[in-house]
Amino acid sequence: MEILDLSAPLDTDTAWAPWWARTRVKRQGHRFGALSVFLLTRLTPRFLRRRLGWANDTLTLSSHGTTHLDAPWHYAPDAGGKRAMTIDEIPLSWCVAPGVCLDMSHKKDGEAITEADITAWEEAQGIPITAGTIVLIRTGMDRLLGNPAYFTSGPWVTRKATALLTGRGVKVTGIDAWGWDGPLSHMARRARSGQGEFWGSHYQGADTPYCHLERLAGLHRLPAEGFTVCCFPLKVKGGSAGPTRAVALMPAEGEGALP
């Protein structure tokens, strides 16, 4: 079995991320660790191997500040007529399932990924999208990680396309771009011009509860089907999302499909 990492690195991004989406990782090296040991225990470095203590890192980030899984609570306080689930309430069974990867990398900046695009992909590939499948959409926007344009460009998934998937029983979707609905500036322009509801595909989760993965990376390595997605989020109590180490499990040649 091969394990493919589908997650973006979690690192300081203040040089390229906008102010409202920044992540900071503060490194504390082994010498600092020796000082920590002294402050906590009064043991001097002579008690420590190589006179060094532990390394540590402190993180400052939004629960949406790296590869993450959105909970229905992110979209609205209720979903399907009930209180929306927070990320710590998501069934873990949603987070490991057979995956399909739809190549939509031909879509240009600002273009929509529609219901017709999804059904055309199914017909061309001969792969029906069924209940319980984790549906990943490849846009190629992960190539812009580290560039401010990552937050301001890319295609988007329409509400009708999202409703098609959730209506079939899909509980988790994913995309290798900043957001499922596309950049904020694109959403605002569509809303002002009457060409679409602001954040419409997220709001679809208030009608039919579902989760989606955002800020994935490396989807170009995936086939259309035949792999299993694992995407367990951090158990943030009451959280709207959880940072996630998303991976794809690829069976070795000759092995059957993973459960």
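**Exercises on helix α5 and the nine-stranded sheet**

Among the elements covering the buried residues of α5 is β10 (156-157), where contact means heavy atoms within 4.5 Å. This is a predicted model, in which local features need pLDDT of at least 70, side-chain atom pairs count only at pLDDT 80 or more, and totals for chains, interfaces and linings use all residues. Residues are numbered from 1 along each chain as its sequence is written, and side-chain values use heavy atoms, leaving out hydrogens and water.

**Exercise 1.** Find which residues of α5 are buried, and place Leu 184.

*Solution.* Start with the helix: α5 spans residues 184-192 and includes Leu 184. Helices (H or I, at least four residues) and strands (E, at least two) are DSSP runs, numbered from the N terminus. Next, His 186, Met 187, Ala 188 and Arg 190 are buried, meaning under 20% relative accessible area, with exposed over 50% and partly exposed in between (1.4 Å probe, protein chains only). Leu 184 has a relative accessible area of 36%, so this residue is partly exposed. Finally, just after α5, Gly 194 takes a positive phi of about 75°.

**Exercise 2.** Work out the strand order of the open sheet, then look at β7 and β13.

*Solution.* First, the nine strands run β1-β15-β13-β7-β9-β11-β12-β4-β14, with mixed pairing. The edges are β1 (2-5) and β14 (241-243), each pairing on one side only; pairing takes at least two DSSP bridges between two strands. Then zoom in: β7 (residues 96-103) and β13 (residues 227-230) run antiparallel, joined by four bridges. Here Pro 98 stands opposite Thr 228 in β13.
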